[in-house]
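Work through the following exercises with the sequence and the coordinates side by side, and try each task before reading its solution.

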Amino acid sequence: MGKKQGRKAGNTKNKSASPPAKERSSSPATDQSWTENDFNEMREEGFSPSNFSELKEELRTQRKETKNLEKKVEELMARVINAEKVINEMKEMKTMTREIRDKCTSFSN
């Protein structure tokens, strides 16, 4: 690999790692105007401070529901794992029962 190729590869990595122009800020004033612009866009789309609090509360509720569902999924997964273990134990017992039956049959013969 030549020096130019190595430099190009390094430059490509640097470019992809840099944040998009909207995320970069050089001063607090830039951040403030960016935030105001975002709020203006949100207002244009029908969001208002009262809507925001409602949305925030709805997100909290959904978060709680999601956590509850995650717990239920974990419980169900644990039950499935336990059921698989029981099934495997039953298969082993069935095999052992067959072996015992075969031995008893051979003794009687």
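**Exercise 1: a charged pair**

Task: identify what joins the side chains of Glu57 and Arg60.

Solution: The side chains of Glu57 and Arg60 form a salt bridge, with an N to O distance of 3.7 Å, where the term requires a side-chain nitrogen of Lys or Arg within 4 Å of a carboxyl oxygen of Asp or Glu. The model is predicted, so that local features need pLDDT of at least 70 and side-chain atom pairs count only at pLDDT 80 or more, whereas totals for chains, interfaces and linings use all residues. Residues are numbered from 1 along each chain as its sequence is written, and side-chain values use heavy atoms, with hydrogens and water left out.

Next, place the pair: both residues belong to helix 3 (residues 49-108) and are 3 residues apart, about one turn of the helix; helices are DSSP runs of H or I with at least four residues, numbered from the N terminus.

Finally, consider exposure: Glu57 is partly exposed at 42% relative accessible area, and Arg60 is partly exposed at 44%, the class between buried (under 20%) and exposed (over 50%), with a 1.4 Å probe and protein chains only.

**Exercise 2: the other pair**

Task: find the residue with which Arg101 forms a salt bridge.

Solution: The partner of Arg101 is Asp102, and their closest N and O atoms are 3.8 Å apart. Asp102 is partly exposed, at 45% relative accessibility. The count of salt bridges comes to 2.

**Exercise 3: the whole chain**

Task: state how many helices and strands the chain has, and what share of its residues is buried.

Solution: The chain has 3 helices and 0 strands, in the order α-α-α. Of its 109 residues, 1% count as buried.

Definitions and conventions
Helix = DSSP H or I, 4+ residues; strand = E, 2+ residues; numbered from the N terminus.
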